[in-house]
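Got the viewer open? Here's a walk through the model, one selection at a time.

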Amino acid sequence: MEKRPLGSTGRDVSVIGLGTWQLGADWGEVTADEAGRVIASSLESGVTFLDTADVYGDGRSESIIRGALEDLGEARPFVATKMGRRVPQAPENYTPEAMLEWNDRSRRLLGVDTLDLVQLHCPPTEVLASARTWDALKRMRDEGRIAAFGASVETCEQALIAMDHGASTIQIICNVFRRKPLDEVLPRALEQGVGVIVRVPLASGLLSGKYTRETRFDAKDHRSYNRDGSAFDVGETFAGVPFEVGVEAAREFAALCAEFGPEGATPAQVALKWLIERPGIMTVIPGARSREQAIANASAARLPRLAPALNGALEALYEERIRAHVHDRW
């Protein structure tokens, strides 16, 4: 699989990675054995980048990754984790002492002395704008606790703030239905050499084209309980697109993929390939709950370049169906 340099981390990573939120919690039940098979299938398919967080299952995702990777030695992939969402989201909770405690816990759960990358996990804007926050991360790097640091953010404004403070990486939501980062984040990231990691690339599964208005999700799945943003930022669920609007737009997306996309490619694979082709994106981290999904996601990297006609049609679809719901909010 193609690899790209991840900002100033000094490491190259696969253009398709694996997001592991679903292996911890909030996407319905996934057994430890199933999670292990997802990770193994991803690695066998060329994935070299895993993204997790201390809050995913309150450490379950990190622990599962440790178990899956413990015998790999030098073949171990790049593992990025995130910190900060296990406490109430108030700036006063992001103290240097708390950050050290979170770091110790993640290093223990992942079984490493030095974390490849630590990202602030969508903290309040005040935290991102504080020099104290970044000074603490720099000390952690200098002490060998982390090799690099960055930020996972909700808005384009937050991404720019983090880059101003020296983040090596930015993780942000971007997909066919969330295009604002293409204009406001990626050009600056390219200019500054910041590695962009894209999450929610399939709009929580909407872009698979498989959902209907009647689709129901497990009660423990955030696609059930966070549609109104009552648990966390609503942009994390269906990329902020109202479900009924998204289902209809996704049906059109699937039709355009069938008409203009590579032969045999699924809508989800086209959505991933579309992201890989955007200048400035280094890696994309779809989730997977089965080995079949993991293999299919990784296979998107091998698709031929998308036709200009498809790109034009997808831009029109965004402008007509989606832009009014998301563009000015994030």
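Start with strand β8, residues 169–173: the strand is mostly covered, with five of its five residues buried. Buried here means under 20% relative accessible area, while exposed is over 50% and partly exposed lies in between, using a 1.4 Å probe and protein chains only. Strands are DSSP E runs of at least two residues and helices are H or I runs of at least four, both numbered from the N terminus. Before you go on, keep in mind that this is a predicted model, where local features need pLDDT of at least 70, side-chain atom pairs count only at pLDDT 80 or more, and totals for chains, interfaces and linings use all residues. Residues are numbered from 1 along each chain as its sequence is written, and side-chain values use heavy atoms, with hydrogens and water left out.

Show the side chains of β8. Which way do they point? T169, Q171 and I173 go one way and I170 and I172 the other way, and all are buried.

Now add strand β7, residues 149–152. Three bridges join β7 to β8, and the two run parallel. Pick out the partners: S152 bridges to Q171 in β8, and A151 bridges to I170.

Zoom out to the sheet. This is an open sheet of eight strands, in the order β3-β4-β5-β6-β7-β8-β9-β10, with parallel pairing. Two strands pair if DSSP finds at least two bridges between them. At the edges stand β3 (18–19) and β10 (281–284), each with a single partner strand, so one side of each has no neighbour in the sheet.

While you're at the edge, select T283, which sits in strand β10. Is T283 buried or exposed? T283 is buried, with a relative accessible area of 0%. Not counting residues up to four places away in sequence, T283 touches V13, S14, V15, I16, G17, F49, V196, I197 and V198. Contact means heavy atoms within 4.5 Å.

F49 from that list is the next stop. The ring centres of F49 and F78 are 5.5 Å apart and their planes are at 25°, so the pair is stacked. The pair links distant parts of the chain, with F49 in strand β4 (residues 49–51) and F78 in strand β5 (residues 78–83), 29 residues apart. Both F49 and F78 are buried. For the cut-offs, rings of Phe, Tyr and Trp (its six-membered ring) pair if their centres lie within 6.5 Å; planes under 30 degrees apart count as stacked, over 60 as edge-to-face and the rest as tilted.

How many aromatic pairs does the structure hold? There are 11 aromatic pairs. Select Y211 and F243 for another: their ring centres are 6.5 Å apart and their planes at 40°, so this pair is tilted. Y211 is in the loop between β9 (195–199) and α9 (222–225), and F243 is in helix α10 (residues 243–260), 32 residues away in the chain. Y211 is buried, and so is F243. Stay on F243 and bring up R227, whose charged end sits over the F243 ring, 4.2 Å from its centre. A charge sits over a ring if NZ of Lys or CZ of Arg is within 6 Å of the ring centre and within 35 degrees of the ring normal. Then select W21, Y56, Y225 and F232, which ring pairs link into a cluster.

On to helix α11, residues 267–276. 10 of the 10 residues of α11 are buried, so the helix is largely enclosed by the rest of the structure. Among them are K273 and W274.

For a change, go to K138 in helix α5 (residues 131–142). K138 is partly exposed, with a relative accessible area of 32%. Leaving aside neighbours within four places in sequence, K138 is in contact with F149 and H165. Draw a C-alpha to C-alpha distance from K138 to R323 and you should get 38 Å, for two residues 185 apart in sequence.

Finish with the whole protein in view. The secondary structure comes to 13 helices and 10 strands, and the C-alpha trace spans about 55 × 40 × 40 Å along its principal axes. Of the 330 residues, 58% count as buried. Among contacts between residues at least 6 apart in sequence, 77% join residues at least 24 apart.
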